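Trainee: Could you take me through a single part of this model with care, staying with the ligand site throughout?

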Amino acid sequence: MAVLKANAYGHGLVTIAQHLNDADAFAVARIDEALALRAGGLTKPIVLLEGFFDEADLPILLANNFQTIIHDENQLAALENAQLEAPINCWLKINTGMHRLGIAPEQFDEFYNRLQKTANANNTVNLMTHFSCADDVDSSKTMQQIALFNRLAENVEQAHCLSNSAGILAWPSGHGDWVRPGLMLYGVSPMANTTGKTYQLEPVMRLTTKVIAVRNVAAHEAVGYSGRWQSDKPTQLAVVAMGYGDGYPRHARAGTPVIINKQRYGIVGSVAMDMITLDIGNNTHNIKVGDEVTMWGPELPVEEIAQCADTIPYELLCNITPRVSYQYQR
Ligand SMILES: *Cc1c(COP(=O)(O)O)cnc(C)c1O
């Protein structure tokens with residue numbers, strides 16, 4: 001199931017979904033995201049990874065072929081109490097060590113049996129768990145989670161779903177029947193110190209803007225808000241039309257790379273809402289107003305930019321704001 005939450009990780013929910021012909025289902029976090037997919041004409045089954053939040057939503061699930069996670073007693077009781085015209089497809093979420101959502105292992109038999117019994121749940125109750133440390137190949141946690149899941153699920157002839165992208169890339173014994181790739185669908189790696197390329201993944205997003213000014217600054221002229229940066233010798237700056245108002249991380253360190261005409265340049269000064277300054281030295285490559293600037297993309301991995309901003313690539317992708325316009329190419 002292709003994970004499309006948070007506007008398909010900032011890539012555009014409906015357009016991305018329209019191109020995932022091979023997915024057997026879609027997965028989102030919230031019912032509004034699922035409804036947006038239906039409004040966009042998408043017909044595949046959709047799994048709500050947090051389940052429903054309100055009993056009143058159950059008829060909407062049924063009417064739209066949304067499948068729900070059942071992760072706690074409140075949800076199960078609401079499902080049992082509802083008056084529904086047909087059963088809903090359910091995934092029983094087991095907490096095997098993430099300690100966020102999911103029933104305790106010792107609740108498994110009770111929940112499974114109640115889901116089998118209620119007419120509001122389809123008899124095929126699939127099983128799901130989520131890994132907490134799958135991006136860390138040195139951690140024993142994932143194997144412990146897989147073992148616990150398998151112990152509970154071994155007598156249950158239903159589909160098993162364990163792995164996010166990191167599980168898919170690093171833990172083959174956790175693949176089960178269904179997998180839930182999110183980040184890797186977009187060509188980006190969740191594993192530490194790697195990029196999509198490490199796994200032959202091709203980044204989908206290229207975030208670009210343009211140079212809007214090239215200017216000289218003298219030695220010790222403080223540039224930008226708070227005068228945060230100055231050069232100790234005369235230099236040139238390129239000013240580019242991109243900032244945290246577009247989703248570029250404000251905390252990107254001095255020296256965080258961008259690419260102009262195949263050359264890397266480092267950002268200097270504070271990232272502002274609308275602009276970023278680059279030190280282009282004596283401008284040996286003749287950067288001009290109007291030149292395209294790549295902030296991240298296939299030749300400048302978003303994983304690298306995330307490291308420069310002390311965050312993870314997930315956050316940078318999701319943070320793209322509505323001001324950014326999208327162009328799609330095959
Ligand atoms: C977001 C999410 C995924 C996808 O995770 P990636 O690391 O992006 O592959 C899978 N399962 C659950 C429950 C999620 O919340």
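By class, how many nonpolar, polar and charged residues does the shell around the ligand have?

Mentor: This is a predicted model, in which local features need pLDDT of at least 70 and side-chain atom pairs count only at pLDDT 80 or more, while totals for chains, interfaces and linings use all residues. Residues are numbered from 1 along each chain as its sequence is written, and side-chain values use heavy atoms, with hydrogens and water left out.

The shell has six nonpolar, four polar and two charged residues, where Ala, Val, Leu, Ile, Met, Phe, Trp, Tyr, Cys and Pro count as nonpolar, Asp, Glu, Lys and Arg as charged, and the others, Gly among them, as polar. Around the ligand, taking a residue as near if one of its heavy atoms lies within 4 Å, one finds Val3, Lys5, Tyr9, Leu49, His130, Asn164, Ser165, Arg180, Pro181, Gly182, Leu183 and Tyr314.

Among these residues, Tyr9 has a side-chain N or O atom 2.5 Å from a ligand oxygen atom, and Tyr314 likewise places a polar side-chain atom 2.6 Å from an oxygen atom of the ligand, whereas Leu183 offers a polar backbone atom, at 2.8 Å from a ligand oxygen atom. The ligand exposes 390 Å² when taken alone, and the protein buries 92% of that, the areas coming from the Shrake-Rupley method with a 1.4 Å probe.

Conventions: A polar contact is a pair of N or O atoms within 3.5 Å; within protein, one must be able to donate a hydrogen and the other to accept it, and residues adjacent in sequence count only if both atoms are side-chain atoms.
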